[in-house]
Amino acid sequence: MAHIVKIQDGYSFYVREGETLLEVLEAQNIQTEYQCRQGYCGSCQLQLVEGQVEYNREPPLAFIPDGRVLPCCCEPRSDLVLALAVPVPPRSDGGAQRRTLDEKSRAQQDTLHSTPAEMAETTR
Amino acid sequence: MTYTTFNRNLFDGTAEPMFFGQNVNVARYDVQKHAIFEHLIQKQLSFFWRPEEVDLSCDRSDFRNLPEHEQHIFLSNLKYQTLLDSVQGRSPNMALLPIASLAELETWIETWSFSETIHSRSYTHIMRNLVDEPTSVFDDIVNNEAIVSRAAAVTCHYDELITGIQLYQTLGEGRHQLPDKTVTVSLRDLKKKLYLTLVSVNVLEAIRFYVSFACSFAFAERATMEGNAKIIKLIARDEALHLTGTQHMLQLMASGRDDPEMAEIARELKEEARQIFVEAARQEKEWAAYLFRDGSMIGLNREILEQYVEYITCQRMIAVNFEPAFEVKQNPLPWMNSWLNSDHVQVAPQEVEVSSYLVGQVDSDVHHDDFREFTL
Ligand code: FES
Ligand SMILES: [Fe+2]
Ligand SMILES: [Fe+2]
């Protein structure tokens, strides 16, 4: 039976067999961090509140603090509850990107290509 | 405590602590106290690359076409990276090798530091390609005040530790009269210096370098200076491994599993160590002000880089169990992840699989069946 991942104080979703936890979160448009996706940099680490995961290849090289997991190289082995550092709604594409632009270039960018929704995002 | 290059004592190497135990004798890797260092060595070896394999021919004209204030950002960032890797190419060897007591740790330190010399060599490769007169750029690393003040912060812990070890290894513990002053040498004090040095190395590789990567990739994000970004991707892959190595050392110390006295020291120095993170974040923000003093670039400005400094500082503090210094927020540069990821860096065509493990590729088991088709 497919496992369920629940984001603490958030919503839940099913996991497809064979996907890493990172892929599962990405498929949900949850902004997750990563660098190596191979278990040696540690940047993807998340807090696991409840449940079990299994590391799929050789044991990861990155240091894993107690209570944390490396989603890039593990798969859920039970239903999970995860706590995100920053509780976020699903990312609206482009929204995150736009926040990296400074005022001047943002103005340029807006005149180049923006949808009304993106305009709302930048002026918020 | 005099250093010896080949310890004549027969002892169980796996019973030694990481640092300040016996000097290592036989460089053997079949038994390990901390297997993590052996794995890091293997991984680092599998990452081997050479800067000359990356084609930079487009970067020269890209650079000429940058407005002057963006050339300032690019070159200053490159100078800062050059400084950091000049330090890293020698300091782990100078500071840590004389006190390392495990063969696998000793070799990890050498492998780590060697990879830093490749980073330094790539800056020369990049610089040669960009400017006709690299000397003036390199000289500025020693002359420019904004960079020199970085250098002081980056090297002070290393230098203190190195001086302390030299005294310890020549004079031993106790009070000693030197020509110009009296010094007190104590092992506990040296262990404290070691702990703080490792924290500052982690700050250097896991924070300072990542801030500089953000600047490098901000250019590539706009499809300019892309050859440079390819090199930086390879450097970032190495740095990810280095910071993992240092995080392991810090955690092994804090846990007391390696040397109980180190666990005490880690507790005692927690606040001082935390301040190294806080202070580095402040300095990096100051640096951001210098970078963007003549104007922002498309996609990156002073405020956003400062937000990234806070973001990455929090990430790294959490990773070593420190209370984060700033409010934990979302990554302000979400495009960094895909640039930092090196899965698709192609160096030379024959080296497509640069990031894979190279160990165990030769199957040395021979079975009777293998000779089935042989006739004599
Ligand atoms: S992305 Fe590097 S450890 Fe997960
Ligand atoms: Fe480096
Ligand atoms: Fe490094």
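The following questions and answers go through an iron site, a buried strand residue and a few backbone features of this predicted model.

Local features are reported at pLDDT of at least 70 and side-chain atom pairs at pLDDT 80 or more, while totals for chains, interfaces and linings use all residues. Residues are numbered from 1 along each chain as its sequence is written, chains are lettered from A and ligands numbered from 1 in the order in which they are written, and side-chain values use heavy atoms, without hydrogens and water.

Me: Which protein donors does the iron ion (ligand 3) have, and how far from it do they lie?
Reply: Donors are N, O and S atoms within 2.8 Å of the metal (3.2 Å for Na, K and Ca), and sites may look incomplete because water is not among the atoms. For the iron ion (ligand 3) they are OE atoms of Glu116(B), Glu205(B) and Glu239(B), with Glu239(B) listed twice, and ND1 of His242(B). These donors lie 1.9 to 2.6 Å from the iron ion (ligand 3).

Me: How are the donor residues of the iron ion (ligand 3) spaced in sequence?
Reply: The donor residues Glu205(B), in helix α7 (residues 187-221) of chain B, and Glu239(B), in helix α8 (residues 226-255) of chain B, are 34 residues apart and link distant parts of the chain; helices here are DSSP runs of H or I with at least four residues, strands are runs of E with at least two, and both are numbered from the N terminus. For the donor residues of the iron ion (ligand 3), the spacing in sequence is E-x88-E-x33-E-x2-H.

Me: Which residue coordinates both the iron ion (ligand 3) and the iron ion (ligand 2)?
Reply: The iron ion (ligand 3) and the iron ion (ligand 2) are 3.5 Å apart. The residue that coordinates both is found in helix α4 (residues 103-130) of chain B, and it is Glu116(B).

Me: Are Glu205(B) and Glu239(B) buried or exposed?
Reply: Buried means under 20% relative accessible area, exposed over 50% and partly exposed in between, with a 1.4 Å probe and protein chains only. Glu205(B) has 0% relative accessibility, and Glu239(B) has 0% relative accessibility. Because of these values, Glu205(B) and Glu239(B) count as buried.

Me: Which side chain forms a polar contact of 3.1 Å with that of Glu116(B)?
Reply: A polar contact is a pair of N or O atoms within 3.5 Å; within protein, one must be able to donate a hydrogen and the other to accept it, and residues adjacent in sequence count only if both atoms are side-chain atoms. The side chain that joins Glu116(B) through a polar contact of 3.1 Å belongs to His242(B).

Me: Where is Val183(B) found, and is it buried or exposed?
Reply: Val183(B) is found in strand β2 (residues 182-185) of chain B. Contact means heavy atoms within 4.5 Å, and, not counting residues up to four places away in sequence, Val183(B) touches Leu167(B), Gly174(B), Arg175(B), His176(B) and Leu178(B). At 11% relative accessibility, Val183(B) counts as buried.

Me: What is the phi of Asn29(A)?
Reply: Asn29(A) is in the loop between α1 (21-27) and β3 of chain A, and its relative accessible area of 31% makes Asn29(A) partly exposed. Phi of Asn29(A) is positive in a residue other than glycine, near 60 degrees.

Me: What is the phi of Arg37(A)?
Reply: Arg37(A) is in the loop between α1 and β3 of chain A, and a relative accessible area of 22% makes Arg37(A) partly exposed. Although Arg37(A) is not a glycine, its phi is positive, about 55 degrees.
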